[in-house]
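Visitor: Please take me through one part of this model in close detail. I would like the largest pocket, and then whatever surrounds it.

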Amino acid sequence: MAVNYEKLGDRISYLRTRQGISQEELTEEIALSREHISRIEGGKKKPGLDTIVDIANILGVSADDLLVDSLEHPASTADSEIHHLLLDCNPLEEKILTRTLKELKEILYGLGV
């Protein structure tokens, strides 16, 4: 399966804007032009592996979080409902939800589920 560059661009754009990072700020971190980043986000430019890794590091996500739409057997939870819920949380909400999920999981294991 080939890389879905449109979906990759959509994910980069979504994560970047969610974190309040402008294209200009992203370009300063990885030494690319804003036009180049715009074409990556628009699915018009195919970024190299180094660029994907740099973008993932700047956005604080894993490369598979960016590439999940192109994987036939994604091991990532990047497209799970829980992941999407956590993406919309502030740090305190994420901490509370994560702790709650861990406690719920322990309860389920205790019940033999």
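Guide: What follows starts at the pocket and then moves to a neighbouring loop, the core and two single residues.

This is a predicted model. Its largest pocket has a volume of about 180 Å³. Ten residues line that pocket. Closest to its centre are R18, H83, L86, L87 and E94. By type, the lining divides into four nonpolar, three polar and three charged residues. Which helices supply it with at least two residues each? They are α1, spanning 5-18, and α6, spanning 81-87. Of these, α6 gives the most, with three residues.

Now take C89. It sits in the loop between α6 and α7, the latter running 91-110. Set aside its neighbours within four places in sequence, and C89 is in contact with R18, E94 and L97. Two of those names, R18 and E94, belong to the residues closest to the pocket centre. Is C89 buried or exposed? The cut-off for buried is under 20% relative accessible area. C89 has 15% relative accessibility, so this loop residue counts as buried.

Helix α1 also leads to the core. The largest nonpolar core has 16 residues. Those with the most contacts inside it are I12, I55, L59 and L66. At least two residues each come from α1, α2 (23-30), α3 (34-41), α4 (49-59) and α5 (63-67). The biggest share is from α4, with four residues.

Look closer at L66. What does it touch, beyond residues up to four places away in sequence? The list is L8, R11, I12, L15, I52, I55, A56 and V61. Two of these, I12 and I55, are also among the core residues with the most contacts.

Helix α2 holds another residue to inspect, T27. Its relative accessibility is 9%, so T27 counts as buried. Outside the four-place window in sequence, T27 is in contact with L32, S33, R34 and I37.

Last comes A31, in the loop between α2 and α3. Its phi is positive, about 55°, although A31 is not a glycine. Most residues other than glycine have a negative phi. Is A31 buried or exposed? The cut-off for exposed is over 50%. With a relative accessible area of 68%, A31 is therefore exposed. T27, by contrast, is buried at 9%.

Technical notes:
Residues numbered from 1 in each chain as written. Predicted model: local features only at pLDDT ≥ 70, side-chain atom pairs only at ≥ 80, totals over all residues. Heavy atoms only, no water. 1 Å grid on protein atoms, 1.4 Å probe; cavity = no way out; pocket = protein on both sides within 12 Å on 5 of 7 lines; lining within 4 Å. Points joined across faces, edges and corners; volume = space filled by probe spheres on them. Nonpolar A, V, L, I, M, F, W, Y, C, P; charged D, E, K, R; others polar. Core = buried A, V, L, I, M, F, W, Y, C linked by side-chain atoms within 4.5 Å. Buried < 20%, exposed > 50% of the residue type's maximum accessible area, 1.4 Å probe, protein only. Contact = heavy atoms within 4.5 Å.
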